[in-house]
Amino acid sequence: MSRRPLKVGAIAAALAVAGAVLSPVAATQAEAAVTTYPYYALGDSYSSGNGAGAYASDGTSCNRSAYGWPNLLTQLLDSPVKLQMAAFKACQGAWMRHIVTEAQTVMKMKAPQYDSSMRTAIGSKQAILTLSIGGNDAGLLDYMLCAVSSTFQTSLSVDTLCRSKLKYFDMSKGKFKSDFENALRDTYVSVLTQNPNTKVLVVGYPAMAPSTNPSLQMCGGLAISRGDMYYLTTQLNQAIKNAVTAAAASYSGRLFFVDVNAGGLFTGHDLCAGANSYFNSVNKALSLEAEAAEVGHPNVQGQGVYAKAVINWMKSNSSRMTANISSNWPFWDVPPTSSQSTAITWLKQQGVTTGYSDGSYAPNDGIKTVDLNTFFSRLGVSGWSVRGPITGTSVNRGGFAEGLYVWAGSPANSYGSPFEDVTSGSYYWSTRWMRGKGLATGYCTGSRCNYQPYSALTRGDAAVFLYRAFGHFSDVVPSTAHSADIAWMYLRGITTGWDMGGGRYEYRPYTAIVRNDLNTFMQRIRSRSSAYLSGTSNITRKDFANLLYSASTGGYASDATQWMISNKLTDATTYSGYNPSGWLYRNDTAAFLHRAFDKGLFK
């Protein structure tokens with residue numbers, strides 16, 4: 001399966017920094033100040049965003065991702081104080097010496113990351129700098145390469161072999177040597193002494209493996225024990241924290257350590273977590289979903305969690321920093337740069353989903369039938385049910401397609417080309433319809449696309465499908481009267497609405513319908529038109545009842561209002577409640593037509 005491209009939207013960027021860290025320009029009482037501070041992101045691959053794709057074409061091989069957590073920090077926070085990316089210099093493969101003293105020429109860097117031009121640009125300005133460094137010096141890269149290469153060996157007893165690749169590690173004491181911590185301290189001091197008002201957040205490394213079942217091998221395809229991976233990260237972060245503490249003694253209020261594993265945000269989403277992992281695994285590299293150099297690094301979702309961890313640290317250290325998450329970030333595990341963010345945000349804003357109690361949405365988890373039924377209920381849909389087998393407790397992708405297709409009345413139009421893996425069988429027409437309506441694009445390699453009908457439908461993909469189906473019209477939301485009926489009209493191909501440009505469509509639900517439009521709707525349902533429905537004048541609710549009576553029975557009625565009530569095509573229970581002399585509005589039209597269709601009243 002090829003890696004699917006992701007879209008980066010323009011999002012307002014803001015970061016609140018207060019207290020001992022920054023002293024914003026004084027505000028007038030009439031209006032709060034909005035002050036922008038420069039932000040500099042330095043470090044190795046765990047700061048460049050390596051593993052998230054969408055790398056900058058900046059003439060280097062640094063793998064600086066648009067989805068990297070430093071970029072997310074400038075996009076996802078909301079307060080009167082803004083943080084603006086002044087320089088994104090983090091680069092995969094960086095060692096401590098590449099921060100201040102030496103250019104990383106192998107990655108086509110022409111100067112150290114914290115070079116003279118950056119120091120001059122900062123001067124005495126107040127600035128924020130984030131830094132992750134030390135992993136490559138400690139031998140983390142060599143350790144990972146050893147683990148990857150050992151995956152293809154017959155023996156899994158490779159812990160001792162890979163441990164030997166770790167530099168500065170005292171095997172007898174089980175921790176990194178003091179000269180490693182001293183080297184880290186000297187690096188931090190070199191940065192701090194250059195500019196007097198720079199505040200440095202040293203960000204630790206995420207735990208790639210759980211602390212449970214430490215003897216188990218082949219975690220994420222790596223032929224090393226979970227215990228070794230967890231232990232390495234823990235000891236590396238402890239050495240970094242010790243070095244920060246030592247350096248901060250002389251630079252109080254300017255140097256801080258951020259433990260990204262605090263609060264357990266990566267717990268249950270490590271390399272061993274399979275589809276729920278926030279990391280790129282060897283298995284993903286083998287299936288071409290990730291590059292070899294991305295193994296062990298956070299994916300797009302993991303970058304969002306990384307940013308959340310930094311934000312959590314800011315909030316828990318409010319005397320140093322404060323931060324508020326922007327409303328553009330619906331859940332902490334769904335960053336706005338995710339390809340599913342727009343859909344998930346829409347579902348949250350419309351009250352269709354509330355996520356989990358910990359503030360997550362879990363987009364990679366398979367969606368359970370009970371949760372999907374809840375989503376449909378909140379969308380105002382009745383009569384929907386999944387069709388076909390259930391994958392564990394989750395709905396499979398084919399069952400969802402078939403269920404939605406049947407709910408839409410199995411429309412014999414809007415068919416797209418068949419998916420490569422669905423050329424016959426019970427899901428053939430429904431998946432073609434999903435593709436033709438633009439609800440599903442599938443997993444594509446070039447022009448060849450698969451739907452994977454028997455795979456579990458993830459919560460993220462469910463959100464995308466529902467958004468495309470029920471959020472097609474920008475002026476129709478679940479709280480709109482008869483919104484589900486309007487969605488049915490769209491899915492069945494009865495209405496297209498008004499094309500407003502830029503991918504926006506309107507249905508105008510509270511506008512009185514004109515005869516020509518009603519004629520078009522009737523023709524698309526019955527495959528024939530009515531001369532009675534010509535012109536651009538409006539139509540009364542009584543005239544519509546008479547028309548629908550005629551379409552159903554072939555007969556004539558001077559006033560079919562009671563027939564509408566008897567057949568429960570209207571919510572009204574009395575003649576006056578139906579308001580027969582009133583104009584027929586477009587949202588009521590959708591409801592009446594949908595109910596008549598489901599009752600088989602069209603001849």
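This tour moves from the whole chain to a group of strands and then to one threonine.

Before selecting anything, note that this is a predicted model, in which local features need pLDDT of at least 70, side-chain atom pairs count only at pLDDT 80 or more, and totals for chains, interfaces and linings use all residues. Residues are numbered from 1 along each chain as its sequence is written, and side-chain values use heavy atoms, with hydrogens and water left out.

**The whole chain**

Begin by showing the entire protein chain as a cartoon, where you can look for 21 helices and 13 strands; helices here are DSSP runs of H or I with at least four residues, strands are runs of E with at least two, and both are numbered from the N terminus. Of the 603 residues in the protein chain, 54% count as buried, a word that stands for under 20% relative accessible area, while exposed stands for over 50% and partly exposed for values in between, computed with a 1.4 Å probe and protein chains only.

**Strand β6 and its partners**

Next, select residues 198-203, which form strand β6, and notice that six of its six residues are buried. In a regular strand the side chains alternate between the two faces of the sheet. In β6, Thr198, Val200 and Val202 lie on one side and Lys199, Leu201 and Val203 on the other, and both faces are covered.

Now add residues 127-132, strand β3, which pairs with β6 in the parallel sense over five bridges; two strands count as paired if DSSP finds at least two bridges between them. Ala127 has Thr198 of β6 as its bridge partner, and Leu131 stands opposite Val202 in β6. Because six of the six residues of β3 are buried, this strand is largely enclosed by the rest of the structure.

Then select residues 255-258, strand β7, which runs parallel to β6 and is joined to β6 by four bridges. Here Leu255 of β7 is the residue opposite Val200.

**Thr353 in its loop**

Finally, move to Thr353, which sits in the loop between α11 (341-349) and α12 (369-378). Is Thr353 buried or exposed? Thr353 is buried, with a relative accessible area of 4%. Show side chains around this residue, and you will find that Thr353 touches Phe331, Leu347, Lys348, Tyr361, Phe375, Arg378 and Arg459, not counting residues up to four places away in sequence, where contact means heavy atoms within 4.5 Å. As a last step, draw a distance from the side chain of Thr353 to the backbone nitrogen of Gly355, which the side chain reaches at 3.2 Å.

Note on methods
Polar contact = N/O pair within 3.5 Å; in protein donor to acceptor, adjacent residues only side chain to side chain.
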